[in-house]
Amino acid sequence: MKDTAFHDDVTAVRRLLAGHDPAAAHPGSAAVRELARIEVIASGSGRGGPGPALRRRLLRPALIGVAAALTAVAVVVPVSLQSGRPAHAGPPPAPLDVPVAERTGGRERLLALADAADSAEPPARAGDVAYVRTSEWTFTYSQNADDGRAGWGIVPEERSVWRTPRESGVELAVPGEPEHLGGDEGPLAFLFGDGTERFEWGDGEGGDGMFFTWEPDALSTDPAELEEQLVAGVGHDAGTPEATLFYALESLYTEAPVDPRVQASVLRVLAGHEGVLYAGPSEDRHGREGELFLVEERAGETLERRIMFDADTGMPLYHEIVMVESDYEQPDGVEPPVVYHYAVIADTAWVAEVEDRP
């Protein structure tokens with residue numbers, strides 16, 4: 001079992017919408033909240049287990065043994081939104097602002113970014129521990145089946161992850177206060193407590209390790225070979241080759257620093273797919289300027305997977321998933337387009353020890 005960065009498998013999560021949490025009205029400990037979240041994942045997508053986006057929670061050895069015994073199921077629907085909205089603030093904000101008219105074939109811009117990445121300096125190596133810090137926002141839905149009460153709101157989280165080549169590592173997740181959009185606060189508050197959560201993995205014995213989906217030094221700089229590695233590693237078909245590649249990159253960019261030579265090859269891989277569109281220049285949610293690209297994915301709803309690259313270095317800055325059209329009923333006040341999840345890649349580095357920061 002491999003651990004990958006958070007990105008949602010929308011099809012799998014949508015199948016969980018009939019689930020419920022009969023204990024949602026009652027406060028619980030951090031362990032109880034986490035067990036409820038694990039049970040959502042353990043109920044599965046019908047494809048033989050959880051998708052890569054959800055495997056991280058299953059790797060916690062202290063909890064996995066009792067997760068299957070839970071009868072409570074809390075529905076968690078990832079939908080991410082912008083910051084700066086007060087509680088009970090009404091409809092969620094729009095995706096990153098890009099003119100529709102700017103959506104053109106991305107080949108030329110991607111090849112130019114690949115040349116820029118070729119010229120970038122590789123990250124300094126103070127050690128062999130991969131450190132990645134992301135700033136993420138997620139819209140979460142939870143329902144109490146006993147009384148039908150449901151709540152949904154924005155849940156921000158600052159996440160720092162350290163991975164070692166010895167299949168060990170640490171994750172620090174600092175959730176913010178849910179910014180409530182509608183419904184009842186009780187079911188939502190049950191799942192997400194205050195304060196830092198610290199998860200630690202051992203050396204992989206018994207399947208409890210923290211694994212790289214792709215060993216960083218094993219990634220090829222040959223575009224054809226690299227594409228095969230990315231598709232094989234992610235283990236998920238998003239419907240089109242380009243959507244599957246974007247799905248893979250959402251993990252690659254949040255597991256370890258990416259060597260610029262590998263990133264140049266990634267960009268050349270994307271340039272070979274007509275379905276990768278250039279959306280134009282934009283700013284991420286930390287105010288950084290970059291070039292935004294997107295692909296479409298259709299599976300009961302129309303999604304846009306978007307990734308922003310630094311115009312000077314070709315390196316990744318940000319990714320988001322936007323629901324453009326949907327056959328599913330949305331919570332009151334939530335209308336397409338809706339950002340399902342976004343992650344700002346705030347910092348990456350190679351450090352000497354777990355929990356060191358650059």
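The following dialogue examines how several terms apply to this predicted model.

Visitor: How do you know that the end-to-end distance of helix H9 agrees with its number of residues?

Guide: Helix H9 covers residues 260–271, and at 1.5 Å a residue its twelve residues should span 16 Å. The C-alpha atoms at its ends are 16 Å apart, which agrees with that expectation.

Visitor: What makes H9 largely enclosed by the rest of the structure?

Guide: A residue is called buried when its relative accessible area is under 20%. Ten of the twelve residues of H9 are buried, so the helix is largely enclosed. Among them are Pro260, Val262, Gln263, Leu267 and Ala271.

Visitor: Which elements do the buried residues of H9 pack against?

Guide: They pack against three helices, H5 (107–119), H7 (223–234) and H8 (241–252), and against two strands, S9 (301–309) and S10 (316–326).

Visitor: What is found at the start of H9?

Guide: A side-chain oxygen of Asp259 comes to within 2.7 Å of the backbone nitrogen of Arg261. The cut-off for a polar contact is 3.5 Å.

Visitor: Why is the pair of Asp217 and Arg125 called a salt bridge?

Guide: The rule requires a side-chain nitrogen of Lys or Arg within 4 Å of a carboxyl oxygen of Asp or Glu. In the pair of Asp217 and Arg125 the closest N and O atoms are 3.0 Å apart, and the pair forms a salt bridge. Asp217 lies in the loop between strand S6 (197–201) and H7, and Arg125 in the loop between H5 and strand S2 (129–143), so the salt bridge ties together parts 92 residues apart in sequence.

Visitor: Are Asp217 and Glu136 buried or exposed?

Guide: Asp217 has a relative accessible area of 66% and is therefore exposed, the cut-off being over 50%. Glu136, at 5%, is buried.

Visitor: Which residue forms a salt bridge with Glu136, and how far apart are the closest N and O atoms?

Guide: The partner is Arg159, and the closest N and O atoms are 3.8 Å apart. This pair links distant parts of the chain, with Glu136 in strand S2 and Arg159 in strand S3 (residues 150–163), 23 residues apart. Arg159 is buried, with a relative accessible area of 5%.

Visitor: What makes Glu296 partly exposed?

Guide: Its relative accessible area is 31%, which falls between the limits of 20% and 50% and therefore earns the term partly exposed. Glu296 forms a salt bridge with Arg298, the closest N and O atoms being 2.7 Å apart. Arg298 is exposed, at 60%. Elsewhere, salt bridges that share partners join Glu136, Glu157, Arg159 and Glu171 into one network.

Visitor: How many salt bridges and how many aromatic pairs are counted?

Guide: The count comes to 18 salt bridges and six aromatic pairs.

Visitor: Why is the pair of Phe199 and Trp201 called edge-to-face?

Guide: Planes over 60 degrees apart count as edge-to-face. The ring planes of Phe199 and Trp201 stand at 75°, with the ring centres 6.5 Å apart, so the pair is edge-to-face. Phe199 and Trp201 are both buried.

Visitor: Which residues form one aromatic cluster?

Guide: The cluster is formed by Tyr253, Tyr278, Phe293 and Phe309. The charged end of Arg109 sits over the ring of Tyr278, 6.0 Å from its centre.

Visitor: Where does the charged end of Arg125 sit?

Guide: The charged end of Arg125 sits over the ring of Trp350, 3.9 Å from the ring centre. Arg125 is partly exposed, with a relative accessible area of 45%.

How values were computed. Residues are numbered from 1 along each chain as its sequence is written. This is a predicted model: local features need pLDDT of at least 70, side-chain atom pairs count only at pLDDT 80 or more; totals for chains, interfaces and linings use all residues. Side-chain values use heavy atoms; hydrogens and water are left out. Helices (H or I, at least four residues) and strands (E, at least two) are DSSP runs, numbered from the N terminus. The expected span of a helix is 1.5 Å times one less than its number of residues. Buried means under 20% relative accessible area, exposed over 50%, partly exposed in between (1.4 Å probe, protein chains only). Contact means heavy atoms within 4.5 Å. A polar contact is a pair of N or O atoms within 3.5 Å; within protein, one must be able to donate a hydrogen and the other to accept it, and residues adjacent in sequence count only if both atoms are side-chain atoms. Rings of Phe, Tyr and Trp (its six-membered ring) pair if their centres lie within 6.5 Å; planes under 30 degrees apart count as stacked, over 60 as edge-to-face and the rest as tilted. A charge sits over a ring if NZ of Lys or CZ of Arg is within 6 Å of the ring centre and within 35 degrees of the ring normal.
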